[in-house]
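Dear colleague,

I am handing over the structure below, and after it I set out what was found. Please keep the structure open while you read.

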Amino acid sequence: MTKFIPIPTPRSGSPHDAVRASRVDAASSASPKALVNRNILAAALEQYKPASDQPFKTEQLRILLLENVSQGAAAQLREAGFHVDHFAKAWSEEELLAGIGHYHAIGIRSKTKLTSKVIKAASKLLVVGCFCIGTNQVDLGAAAESGICVFNSPYANSRSVAELVISQVIALSRQYVDRTNELKQGIWNKVSSGCWEVRGKTLGIVGYGHIGSQLSVLAEAMGMSVLYYDVLPIMPLGQARQVDSLEQLLSSSDFVTLHVPELPETKNMIGAKELAQMRKGAYLLNNARGTVVDLEALAEALNSKHLAGAAVDVYPTEPKGNGAELFTGKELGPFADKLRQCPNLILTPHIGGSTEEAQRMIGIEVGTALFKYLTYGTSINAVQFPEVDLRIPVKPKEGENRQARILHVHKDEPGVLKEINTILSDENTGHFNVSKQYSDSRDGIAYLMADVTDVSEVDIGSIFDRISSTRHNILTRILH
Ligand SMILES: O=C(O)[C@H](O)COP(=O)(O)O
């Protein structure tokens with residue numbers, strides 16, 4: 001298996017725009033159509049007092065944070081000058097279609113679906129921050145084609161997930177969640193039959209990425225043997241051993257834990273056939289994605305006592321926020337009612353990454369990525385976007401002419417760089433100096449960053465107009 005983590009405003013005519021941006025629909029014809037994105041920082045230049053660490057003003061950029069992403073990130077972004085709206089819940093497609101057009105950046109977790117339809121409606125959107133590992137909730141291709149860069153946090157919650165899995169392994173083998181539920185109903189049921197130590201048992205890990213490999217170390221420390229299956233050959237940690245097939249892993253493990261991404265290849269990866277291949281009395285743990293296990297088949301395997309227990313943290317459909325009466329067949333589909341009846345089944349509401357530590361670290365990581373992309377255009381570590389960075393321009397000295405950073409997302413076609421550099425070196429455009437330039441391309445989308453110095457307000461307007469009218473333009477921003 002693959003690793004679980006893989007593994008604005010265009011010129012308004014006002015001289016006071018500190019950021020200019022235009023976008024054309026990447027799929028559209030050669031004639032570029034500037035979309036909304038107008039007048040975002042129209043008033044910013046008046047307040048433009050650049051510091052060496054933040055030369056570009058941000059006041060009128062609007063960021064939407066959903067799903068209760070880290071309040072620390074919200075505070076950090078507000079402090080940096082952005083307008084931030086923070087909501088506890090995920091938004092439905094309808095809500096997104098109505099609201100996303102007002103925002104230049106969005107921060108989500110695993111539940112908000114940014115479909116191609118939503119992305120089309122996101123006329124000002126420059127960047128998406130997934131404040132989690134998974135990015136399957138975003139149509140990554142549609143985002144790239146619209147010049148929208150996507151970031152995630154590939155590592156920060158992996159320890160939290162690994163610790164949850166370890167706790168589930170022990171809880172399942174001692175059946176204490178059922179014992180707790182019984183005691184809460186007044187039932188005293190002291191049993192040892194079917195309860196085991198985990199020492200000496202075999203943990204089978206499907207997907208030996210950041211979470212799977214941490215788990216391997218923790219499990220060995222408790223005296224377990226570790227097998228893993230991954231589509232890539234990966235060096236084992238400790239005494240762990242890679243096996244050649246999923247079937248081999250399923251038939252050799254006492255506990256099977258899944259750490260794979262949501263992909264077409266992982267959909268129902270564990271169904272009735274695979275459950276039958278597991279040892280009688282084994283346990284299944286799914287903290288990866290809800291589409292990976294056929295939950296109705298799992299319910300059968302538990303009710304028939306083929307499996308001795310299971311832990312499930314993720315579901316094919318999940319409620320958008322917290323509340324009563326939400327984990328029901330009526331709300332989510334028949335699997336919910338079936339699971340609620342099963343013995344020795346630990347059900348948790350997608351809390352694998354939900355710790356103070358993980359959310360704080362994710363908030364810093366993704367919040368910083370959003371800040372740097374909006375403020376400087378930096379796309380290093382993007383999920384699906386060309387990766388570009390240049391040193392942060394320094395504050396111009398008293399009496400020095402202005403500088404500008406040109407950010408140009410375009411289709412990766414021959415001749416674009418020549419065309420852009422012709423514009424930048426055209427005597428009629430101005431007499432400024434291109435001090436730095438960097439370009440990268442990925443899957444048909446390219447991104448150029450260029451810093452120009454000694455550039456006048458008129459030059460900036462002219463550069464913006466000419467670059468954003470080129471045939472291959474997807475999105476052009478000029479920060480100054
Ligand atoms: O993708 C992830 O990082 C985990 O599934 C956690 O998702 P969450 O942030 O929506 O809880």
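Two strands are taken as paired if DSSP finds at least two bridges between them. With that in mind, β12 pairs with strand β13 (residues 345–347) through 3 bridges, and the two run parallel. In this pair, Ala311 stands opposite Ile346 in β13. Please note that everything here is read from a predicted model.

Strand β12 also has a partner in strand β11 (residues 282–286), to which it is joined by 5 bridges, again in a parallel arrangement. Here Asn286 faces Val312 of β12. The connection between these two strands involves helix α10 (residues 295–303), and β11, α10 and β12 together make a right-handed β-α-β unit. As for its surroundings, β12 is mostly covered, with 5 of its 6 residues buried.

One residue of β11 can serve as a viewpoint on this region, namely Leu285, which lies in that strand. Because residues under 20% relative accessible area are classed as buried, Leu285, at 0% relative accessibility, counts as buried. Leaving aside residues up to four places away in sequence, Leu285 touches Val165, Gln168, Val169, Leu172, Phe255, Val256, Thr257, Leu258 and Ala311. Although Leu285 and Ile346 are 61 residues apart along the chain, their C-alpha atoms are separated by 9.1 Å.

After β12 (307–312), the chain enters a loop that ends at α11 (329–332), and Thr328 is found in that loop. Thr328 has 14% relative accessibility and therefore counts as buried. Its contacts, when residues up to four places away in sequence are not counted, are Gly333, Ala336, Asp337 and Arg340. The loop between β12 and α11 also holds Glu325, a residue that has a positive phi of about 60° although it is not a glycine. Glu325 has a relative accessible area of 65% and so is exposed.

A positive phi in a residue other than glycine also appears at Asp443, where the value is near 45°. This residue is found in the loop between β15 (433–442) and β16 (445–453). Asp443 is exposed, because its relative accessible area is 74%.

Further along is helix α15 (residues 457–468), whose 12 residues reach 17 Å from the first C-alpha to the last, close to the 16 Å expected at 1.5 Å a residue. The buried residues of α15 are Glu457, Asp459, Ile460, Gly461, Ile463, Phe464, Ile467 and Ser468.

Turning to the chain as a whole, there are 15 helices and 17 strands, and buried residues make up 55% of the 480 residues. The chain exposes about 20,800 Å², of which carbon and sulfur atoms supply 51%.

Finally, two annotations come from the UniProt record, both in an unreviewed entry. UniProt lists residues 167–352 as "domain: D-isomer specific 2-hydroxyacid dehydrogenase NAD-binding"; in the model, this span is 33% helix and 16% strand, and its end C-alpha atoms lie 11 Å apart. For residues 63–383, UniProt lists "domain: D-isomer specific 2-hydroxyacid dehydrogenase catalytic". That span is 37% helix and 15% strand, with its end C-alpha atoms 19 Å apart.

With best wishes

Terms used: Residues numbered from 1 in each chain as written. Predicted model: local features only at pLDDT ≥ 70, side-chain atom pairs only at ≥ 80, totals over all residues. Heavy atoms only, no water. Helix = DSSP H or I, 4+ residues; strand = E, 2+ residues; numbered from the N terminus. Buried < 20%, exposed > 50% of the residue type's maximum accessible area, 1.4 Å probe, protein only. Contact = heavy atoms within 4.5 Å. Right-handed = clockwise from strand over helix to strand, strands pointing away. Areas by Shrake-Rupley, 256 points an atom, 1.4 Å probe, with all protein chains shown as cover. Expected span 1.5 Å × (residues − 1). UniProt positions renumbered as here; feature names shortened; annotations may be inferred.
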